[in-house]
Amino acid sequence: MKIRNCAGITNPSFLLVHPESPALHCHKFQLILSNKRRTGLFARFQHSAPARTFASTSVSKPDTVQLCRKHGSSSSLYGRPSLVEMKNERIANRAKVYEFLRGLGIVPDELDGLELPVTVEVMRERVDFLHKLGLTIEDINNYPLVLGCSVKKNMIPVLDYLGRLGVRKSTFTEFLRRYPQVLHASVVVDLAPVVKYLQGLDIKPNDIPRVLERYPEVLGFKLEGTMSTSVAYLVGIGVARREIGGVLTRYPEILGMRVGRVIKPFVEYLEGLGIPRLAVARLIEKRPHILGFELQERVKPNVESLLEFEVRKEALPSIIAQYPEIIGIDLKPKLLGQQNLLQSLIGLSTEDFGSVVEKMPLVVSLSNSPMIKHVNFLKDCGFSLQQVREMVVGCPHVLALNLDIMKLSFDYFQLEMQRPLEDLVAFPAFFTYGLESTIKPRHKMVAKKGFKCSLSWLLNCSDEKFKERMCYDTIEMEEMETMPSFDMNSLMEPRGDESDSEYEEDSDDDEQV
């Protein structure tokens, strides 16, 4: 017998003993277990391992020991699929998911390359969750990449964060339709820094939800990109720094406007019409949405329309300053409609219509019914058609004032002041003054002094100027010819301590001035 080394046995206390026999045969062999406590104990077992070598890779050497396994066990005990098998399985699973989506009417073409759920059940969970948020199949098709968002890892954390900010759940559907990319965002990395930046622009925490609801796209902007440059430009042209928060609250779309392409050309165009830059800044403070008017498609054509309807070029700054919306609406049809209405009601000429627009640009947005009622009221007061026309041209506001207040003022004019109707024809702006605050107290003071004056001299001045006039012994005739008009300088006066930073939706212009 020979004792041979066996590289396949790791315990040095085992000795392999077997009789000489040809290699490549299965042998019975004995392991003699040497143990300090128990000696002479033999473990006998059989082991078949064809073609497996422990000591050498060559069968030609006589010192080679081969252990044979049972025929037929060629694979490992812990088998796993190959890379090709795994790839084929993924392709098959994705095909099932695509088939499920197509069955719902969702086009999955844009989802190639996007990590999607392995099973149809998980994809069904995502689609159902989006449906609960109010999104339709059409909404999903508009942005199919939303299907790559996990319900638990992406959607729920983002929606919870928006809810904690105060964004109303009733607005979630429209919010996600406008900016579905928010579901891909990280609350900590992407959303929270933007919210903190908005608060740094003096947008109050209570206003943040309304800003996000109105302009959800702001959550995707870079902090040092368009947002910072647009704010810096507005401050540079004269928008008060303390007003920035209110401006952005009412019209957050400014944060997404490029200075060179949108804001600067708009400001420079208004300057070119004759509106001082500081006056433009004040208009933006009061009506920030005017920056959203398309310059080429809307603003410039509207200015051309005003000139076509006999508005003087030098009157354009005053018109825009009084009613900025006039350059942002579909103007030409409104001008044509109002001109035809006034021509049929009071015989207003084309030239006079241009004058009416200059004095009260809001006339283009008045509805027909109030205008007809006001014209009938004046006729009922005893004015002839020609006199009504003169009054409308002299003070177009008589077409838009509160009728009940106009009736009270007219009654006082007739019963207490006892003046002829011609005085109102000469100064129709009488109806624009407060009866209790201005007309009554001034009339009593003039009557006490025994003065005989025009309505213009009586009313068309400040309280300080009127007190000064009460010190006169006689009335200076040149002061009696003044008529009220818009003063551009009043627009550029410093703002008071009050700020417009509180959130308020821009209300539609009332039909009554």
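Begin the tour of this predicted model by selecting Asp330, which is partly exposed, with a relative accessible area of 47%. Asp330 forms a salt bridge with Arg298, and the closest N and O atoms are 3.5 Å apart. Asp330 sits in the loop between helix 13 and helix 14, whereas Arg298 belongs to helix 12, so the pair ties together parts that are 32 residues apart in sequence. Arg298 likewise counts as partly exposed, at 29% relative accessibility.

**Helix 12**

From Arg298, extend the selection to residues 295-308, which make up helix 12. The helix has 14 residues and reaches 18 Å from its first C-alpha to its last, close to the 20 Å expected at 1.5 Å a residue. Now colour its buried positions: Leu295, Val299, Asn302, Val303, Ser305 and Leu306. An α-helix has 3.6 residues a turn, so residues three or four places apart point the same way. Show next the elements against which the buried residues of helix 12 pack: helix 10 (259-273), helix 13 (316-322), helix 14 (331-346) and helix 15 (350-359). Just after helix 12, select Glu310, whose phi is positive at about 70 degrees.

**Salt bridges**

A search of the whole structure finds 18 salt bridges. One of them joins the side chains of Arg178 and Glu217, at 3.1 Å from N to O. This pair links distant parts of the chain, with Arg178 in helix 5 (residues 172-178) and Glu217 in the loop between helix 7 and helix 8 (226-237), 39 residues apart. Arg178 is partly exposed, its relative accessible area being 32%.

Go on to Arg241, which forms a salt bridge with Asp202 in which the closest N and O atoms are 3.5 Å apart. Arg241 lies in the loop between helix 8 and helix 9 (244-250), and Asp202 in the loop between helix 6 and helix 7; the two are 39 residues apart. Both partners are partly exposed, Arg241 with a relative accessible area of 39% and Asp202 at 41% relative accessibility. Before leaving, display the network of salt bridges that links Arg168, Arg210 and Glu213.

**Backbone angles**

Most residues other than glycine have a negative phi. Asp202 has a positive phi of about 70 degrees although it is not a glycine. A further case is Gln418, with a positive phi near 50 degrees. Gln418 is found in the loop between helix 18 (403-417) and helix 19 and counts as exposed, at 62% relative accessibility.

**Interior**

Select Phe431 in the loop between helix 19 (421-426) and helix 20 (435-449). Phe431 is buried, with a relative accessible area of 3%. Beyond its neighbours within four places in sequence, its contacts include Met391, Val398, Leu401 and Phe410. Phe431 and Phe410 are 21 residues apart in sequence and 7.9 Å apart in space, C-alpha to C-alpha.

The largest nonpolar core has 145 residues, of which Leu147, Leu183, Leu219 and Phe430 touch the most other members. Helix 10 gives the most to this core, with seven residues. Centre the view on Leu147; outside its neighbours within four places in sequence, Leu147 is in contact with several residues, among them Leu101, Ile106, Arg126 and Ile140.

**Confidence**

Finally, colour by pLDDT. The mean for the protein is 82, and 76% of its residues reach 70 or more. Confidence is highest in helix 12, at 97, and lowest in strand 3 (residues 28-33), at a mean of 37. Over residues 1-76 the pLDDT is below 50, and this stretch has 85 contacts in the model beyond near neighbours in sequence. Where pLDDT is low, the predicted coordinates should not be read in detail.

Methods. Residues numbered from 1 in each chain as written. Predicted model: local features only at pLDDT ≥ 70, side-chain atom pairs only at ≥ 80, totals over all residues. Heavy atoms only, no water. Helix = DSSP H or I, 4+ residues; strand = E, 2+ residues; numbered from the N terminus. Buried < 20%, exposed > 50% of the residue type's maximum accessible area, 1.4 Å probe, protein only. Contact = heavy atoms within 4.5 Å. Expected span 1.5 Å × (residues − 1). Core = buried A, V, L, I, M, F, W, Y, C linked by side-chain atoms within 4.5 Å. pLDDT = per-residue confidence, 0-100. Salt bridge = Lys/Arg side-chain N within 4 Å of Asp/Glu carboxyl O.
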